[in-house]
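This report introduces selected side-chain features of one protein model. It may be read alongside the sequence and structure shown here.

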Amino acid sequence: MIIPYYHVDAFTVGNQPFSGNPAGVCFLTSWLPDDLLQSMAAEHNLAETAFAIQKSNGEFDLRWFTPEFEMDLCGHATLAPAHVIFEHFGFSGERIGFDTRSGRLTVNRKDDVLELDFPSRPPVTSEVPPELIAGLGMTPVTVMKSRDYLAVFESEGQVAALKPDFSILAKVETLGIIATAPGQNADFVSRFFAPRAGVPEDPVTGSAHSTLIPYWAQRLGKTELHAFQLSKRRGELLCQLRGDRVGIAGRAVTYSTGFLRVEW
């Protein structure tokens, strides 16, 4: 089977390649066996590989796989296939719909920015597992929890200085750990660690902003927010709280295109 494949940098800083979070994007005509999809994602060894099937004009089924397992929600690997559909498939509409494990998601195009419409996942007060503090190597001022633990620090410098012990963080029983603080040149900054998913540090994590946006919107008293993720690659996100939904917008750049030859 010959499968069209795209490597896309999503949530880039401006339109700079080699920033943001790289995602693999495969377009299929029908679903392949799950173990084959998982093997392909492991072979790509990116934070996520997106697999999409077109149902009608502008409507797709979408699934996401890390190198270790299938994800329930992923931001950059939703932005990436939308970018391909707009830029390489010549889709002329302004909105693309994806049916996923997290329900229906949409991506709107506004000039060179693509905006995801995602569910809001506000964090709640939580007990703090000792492995979280030991793994981060620094004590946050607040710890909360949604899908992931949210560790809030006093300053951007503290978040940037974190040197996690991933062998310890892998014992924390959530998908990931979000570290966040007020930003110097943005409303807030973050980093995201997910060693249990085979992704020690994710370059830019759209789904984590489903938790970050409601937290910072309440804390700062505003619904429109500007954010940076402080990975080595760095990423930029334009955020908006919309009740029980969030808008997560960013830019994407195609790094490479090609075909996969898959036999099984």
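## Glu236 and its surroundings

A polar atom of the Glu236 side chain lies 3.5 Å from the backbone nitrogen of Gly14. The model in which this pair is found is a predicted one. Glu236 belongs to strand 15, which covers residues 235-242.

Although Glu236 is buried, it has no salt bridge. The nearest side chain of opposite charge is that of Arg251, at 4.5 Å; a salt bridge requires a side-chain nitrogen of Lys or Arg within 4 Å of a carboxyl oxygen, so this pair is not counted as one. With neighbours within four places in sequence left aside, the contacts of Glu236 include Phe11, Thr12, Val13 and Gly14. Among its other contacts are His226, Ala227 and Phe228, as well as Ala249, Gly250 and Arg251.

## Glu115 and its partner Arg242

A second glutamate, Glu115, is part of strand 7, residues 113-119. Its relative accessibility is 11%, so Glu115 counts as buried. When residues up to four places away in sequence are not counted, Glu115 touches Thr106, Val107, Asn108 and Lys110, together with Arg242, Gly247, Ile248 and Ala249.

Glu115 has a polar contact, side chain to side chain, with Arg242 at 2.7 Å. These two residues also form a salt bridge, in which the closest N and O atoms are 2.7 Å apart. Because Arg242 lies in strand 15 and Glu115 in strand 7, the pair ties together parts that are 127 residues apart in sequence.

## Salt bridges

How many salt bridges does the whole structure contain? A search finds 18 of them. Arg242 takes part in a salt bridge with Asp117 too, with an N to O distance of 3.5 Å. Here again the pair ties together separate parts of the sequence, 125 residues apart, since Arg242 is in strand 15 and Asp117 in strand 7. Arg242 itself counts as partly exposed, at 29% relative accessibility.

These residues belong to a wider arrangement: a network of salt bridges links Lys110, Glu115, Asp117, Arg242 and Arg245. Elsewhere, Arg63 and Glu70 form a salt bridge, their closest N and O atoms being 2.9 Å apart. Arg63 is buried, at 15% relative accessibility.

## Charges over aromatic rings

Arg63 also has an aromatic partner. Its charged end sits over the ring of Trp31, at 5.0 Å from the ring centre.

Another arginine, Arg234, lies over the face of Phe228, 5.1 Å from the centre of that ring. Phe228 has already appeared above as one of the residues in contact with Glu236.

## Aromatic pairs

The structure holds 11 aromatic pairs. In one of them, the ring centres of Phe86 and Phe91 are 5.7 Å apart and the planes stand at 45 degrees, so the pair is tilted. Is Phe86 buried or exposed? Phe86 is buried, with a relative accessible area of 5%, and Phe91, at 13% relative accessibility, is buried as well.

The pair formed by Tyr215 and Trp216 is edge-to-face, with 5.1 Å from centre to centre and 85 degrees between the planes. Tyr215 counts as buried at 11% relative accessibility, and Trp216 counts as buried at 0%. In addition, Tyr6, Phe27, Phe60, Phe89 and Phe98 form one aromatic cluster.

## Met1 and the residues it touches

Met1 lies in the segment before strand 1, which spans residues 2-12. At 42% relative accessibility, Met1 counts as partly exposed.

Which residues does Met1 touch, not counting those up to four places away in sequence? They are Leu32, Leu260, Arg261, Val262 and Trp264. Met1 and Leu260 are 259 residues apart along the chain, while their C-alpha atoms are separated by 7.9 Å.

Notes
Residues numbered from 1 in each chain as written. Predicted model: local features only at pLDDT ≥ 70, side-chain atom pairs only at ≥ 80, totals over all residues. Heavy atoms only, no water. Phe/Tyr/Trp six-rings, centres within 6.5 Å; stacked < 30°, edge-to-face > 60°. Buried < 20%, exposed > 50% of the residue type's maximum accessible area, 1.4 Å probe, protein only. Lys NZ or Arg CZ within 6 Å of the ring centre and 35° of its normal. Helix = DSSP H or I, 4+ residues; strand = E, 2+ residues; numbered from the N terminus. Lys, Arg positive; Asp, Glu negative; His and termini not counted. Polar contact = N/O pair within 3.5 Å; in protein donor to acceptor, adjacent residues only side chain to side chain. Contact = heavy atoms within 4.5 Å.
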